[in-house]
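Biologist: Pick one part of this model and give me a close look, please. Start with what it's lined with, then tell me about charged pairs elsewhere.

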Amino acid sequence: MEVALFISSTFIPNLVSRYYAYKYNWQCLSGYASSLYEGIVYPPFAAPGPIDSLRTLPLLPSDIVIATFPKCGTTLMQQIVLTLLNKGNDVLDPMAGSPWAELIATKFGLEAFKTNWSNGTVNDFTDRRVIKTHAPAHLAPWKSPATEGAKIIVVSRNPADTAVSMWNHSRDIPAFMYGGPFSHFLSELFVKGKVESGCFWDWHRGWRREWSKGAGNILWVTFEEFKENPRDVIIKVCEFIGVECVGDVIDKTVEGTSFNKMKKNFQSLDKKKLEKGLPVKKNHIRKGEKGAWRKKMSETDIETIMKKHNEENRGGEFDFFDFS
């Protein structure tokens with residue numbers, strides 16, 4: 001009896017853990033399932049073959065790419081770009097209108113990406129593709145170098161707020177199978193680069209290097225500057241992507257990209273999806289705050305994140321992050 005209890009309490013859980021570790025690149029006992037591509041952590045859905053194929057395809061000259069480390073303002077920028085292209089009119093589902101390149105290619109195949117998302121068929125108000133990616137610059141899902149004319153918008157956010165938002169995101173998405181406390185997520189996953197898209201600082205270092213080349217095809221904006229002055233950021237994006245922002249387009253875009261407006265739209269959209277039996281992404285528009293990390297982090301957490309940040313920022317290359 002005692003032997004049976006020992007086996008059931010130790011051997012079986014260990015066997016299950018080993019299975020999940022093998023199948024899902026399960027990185028710790030608290031979970032966090034993932035895939036690896038070229039040594040970088042990707043979500044569990046990612047498959048090397050389709051991503052390899054994506055990287056052989058050139059961007060179109062009219063493409064607009066939104067490149068972000070996860071939880072740095074991706075959906076917000078999707079909303080801004082699509083609303084501008086729609087002349088300030090409502091865009092209720094920015095994620096559907098701006099597909100995640102790696103997800104579409106993996107889930108539906110490269111042909112689906114090339115046909116359904118290559119000629120504006122997702123958005124009936126524009127013939128331009130708007131694509132999102134969370135890939136590091138050296139793994140960008142298109143043929144390098146980027147096609148002349150294509151526009152890339154990089155959105156950054158300070159690492160402390162990013163870590164808090166990413167922890168909530170990881171717990172809300174069943175595919176990650178993660179249920180650990182924030183202190184564990186921060187110290188064992190985030191600062192060690194074991195989260196989606198890898199090391200936060202390496203990711204920004206790579207894209208910053210591309211941006212600093214000054215080719216004019218990359219616009220760098222921050223989540224914090226949008227929160228402080230959304231109109232200025234929207235005008236900057238409008239000019240960068242070459243949209244004629246005449247009349248009340250800017251005013252309507254400012255209104256359409258406010259947190260309250262986006263949250264209301266997502267609640268309405270989620271309700272319709274649930275009625276149709278479709279999956280809903282839990283808490284996708286959660287708080288959208290600047291400086292929320294101060295409310296969430298313990299003194300130990302703050303010491304952990306700032307120690308890592310200072311180590312990575314010895315040359316001052318990340319002084320642009322706003323921790324206020």
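Modeller: Sure: the residues lining the second largest pocket split into 10 nonpolar, three polar and three charged (Ala, Val, Leu, Ile, Met, Phe, Trp, Tyr, Cys and Pro count as nonpolar, Asp, Glu, Lys and Arg as charged, the others as polar). Keep in mind that this is a predicted model: local features need pLDDT of at least 70, side-chain atom pairs need 80 or more, and linings use all residues. Numbering starts from 1 along each chain, and side-chain values use heavy atoms, without hydrogens or water.

The pocket (an open set of points on a 1 Å grid where a 1.4 Å probe fits, with protein on both sides within 12 Å along at least five of seven lines; lining residues have an atom within 4 Å of a point) has a volume of about 360 Å³. Of its 16 lining residues, Trp142, Ser144, Pro145, Ala146 and Glu210 are closest to the centre.

As for charged pairs, there are 11 salt bridges (a Lys or Arg side-chain nitrogen within 4 Å of an Asp or Glu carboxyl oxygen). One of them joins Arg231 to Asp251, with the closest N and O atoms 2.6 Å apart. That pair links distant parts of the chain, from helix 11 to helix 12 (residues 249-256), 20 residues apart. Arg231 is partly exposed (20% to 50% relative accessible area) at 35%, and Asp251 is too, at 41%. Glu188 pairs with Lys192, at 2.9 Å between the closest N and O atoms. There's also a network of salt bridges linking Asp202, Arg205, Lys308, Glu312 and Glu317.

Definitions and conventions: Grid points are joined across faces, edges and corners, and a volume is the space filled by probe spheres set on the points. Helices (H or I, at least four residues) and strands (E, at least two) are DSSP runs, numbered from the N terminus. Buried means under 20% relative accessible area, exposed over 50%, partly exposed in between (1.4 Å probe, protein chains only).
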